[in-house]
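Me: I'd like to go through this structure with you and ask how each label is earned. Please set the values against the cut-offs as we go.

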Amino acid sequence: MILVLNGPNLGRLGKREPSIYGAETYDDLVGLCRDTGEKLGHEVEVRQTDSEAELIGWIHEACDGRIPVVLNPAAFTHYSYALRDAVAQRTAPLIEVHISNPAAREEFRHTSVVAGVATGTIAGFGLQSYVLALHAIAELNTPS
């Protein structure tokens, strides 16, 4: 099992700033992640919330269950120390993803408080950022 967790406004993909986030919808993202997981031999569960508390609860669930996570913290990336502290408790790989490249956008988006406690970060490849992250987790979870 791999959890794909999405923060605020990602449920509005396809409607929200398509020039930045693309025309694909949230349903497209869910399908892409599930299909990728199936090809990799992993069950993938995709969730989205606009609530910081709910997202933190899901991270705690992953920590307690030793479940790998693909996390797009969205706006929480830049200021949620509570989310950062939850991610720091991870017990399995956690890949931070972003559809756009935050480093190429507004200055306030250049800092991720999550990156320092994530396994790695993939950004700027549109929805393919999720595909790359799922491949990375599959590789990290393959016994040597």
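Reply: Happy to! Let's begin with exposure: a residue is buried under 20% relative accessible area, exposed over 50%, and partly exposed in between (1.4 Å probe, protein chains only). Keep in mind that this is a predicted model, in which local features need pLDDT of at least 70 and side-chain atom pairs count only at pLDDT 80 or more, while totals for chains, interfaces and linings use all residues. Residues are numbered from 1 along each chain as its sequence is written, and side-chain values use heavy atoms, with hydrogens and water left out.

Me: Why is glutamate 45 called partly exposed?

Reply: Its relative accessible area is 28%. That value lies between the 20% and 50% limits, so glutamate 45 is partly exposed.

Me: What makes glutamate 45 and arginine 47 a salt bridge?

Reply: The term asks for a side-chain nitrogen of Lys or Arg within 4 Å of a carboxyl oxygen of Asp or Glu. Here the closest N and O atoms are 2.7 Å apart, so the pair qualifies. In general, side chains of opposite charge can pair when their charged atoms come close. Arginine 47 has a relative accessible area of 14%, so this partner is buried.

Me: How many salt bridges are there by this rule?

Reply: The count comes to three. Glutamate 61 also meets arginine 47, at 3.0 Å from N to O. This pair links distant parts of the chain, with glutamate 61 in helix α3 (residues 52-65) and arginine 47 in strand β2, 14 residues apart. Glutamate 61 is partly exposed, at 34% relative accessibility. Arginine 84 and aspartate 85 form a salt bridge too, with closest N and O atoms 3.3 Å apart. Arginine 84, at 28%, is partly exposed, and aspartate 85, at 43%, is also in that class.

Me: Which residues do shared salt-bridge partners join into one network?

Reply: Glu45, Arg47 and Glu61 are joined in this way.

Me: How do you know how many helices and strands the chain has?

Reply: Helices (H or I, at least four residues) and strands (E, at least two) are DSSP runs, numbered from the N terminus. The chain comes to five helices and five strands, in the pattern β-α-α-β-α-β-α-β-β-α along the sequence.

Me: Why is the chain called as compact as a globular protein of its length?

Reply: The radius of gyration is taken over C-alpha atoms, and the globule rule is 2.2 Å times the number of residues to the power 0.38. The chain has a radius of 14 Å, close to the 15 Å that the rule gives for 144 residues, so it is as compact as a globular protein of that length. Buried residues make up 47% of the 144 residues.

Me: What makes a set of residues a nonpolar core?

Reply: The members are buried Ala, Val, Leu, Ile, Met, Phe, Trp, Tyr and Cys residues joined through side-chain atoms within 4.5 Å. The largest core has 21 residues, and Val4, Cys33, Val70 and Tyr130 touch the most other members. The elements giving two or more residues to this core are β1 (2-6), α2 (26-40), β2 (44-48), β4 (94-98) and α5 (128-140). Apart from it lies another core, of 20 residues, including Ala86, Val87, Val114 and Ala118.

Me: What does cysteine 33 touch?

Reply: A contact means heavy atoms within 4.5 Å. Leaving aside residues up to four places away in sequence, cysteine 33 touches Val4, Val44, Val46, Tyr130 and Leu134.

Me: How do you know that cysteine 33 is in no disulfide?

Reply: A disulfide is a pair of cysteine sulfur atoms within 2.5 Å, and a search of the whole structure finds zero. For cysteine 33 the nearest cysteine sulfur, that of cysteine 63, is 20 Å away, so the cut-off is not met. Cysteine 33, at 1% relative accessibility, is buried, and cysteine 63, at 9%, is buried as well.

Me: Why is leucine 10 called buried?

Reply: Its relative accessibility is 2%, which is under 20%, so leucine 10 counts as buried. Leucine 10 is found in the loop between β1 and α1 (18-21). Not counting residues up to four places away in sequence, leucine 10 touches Tyr26, Gln48, Asn72, Ala74, Ile99 and Tyr130.
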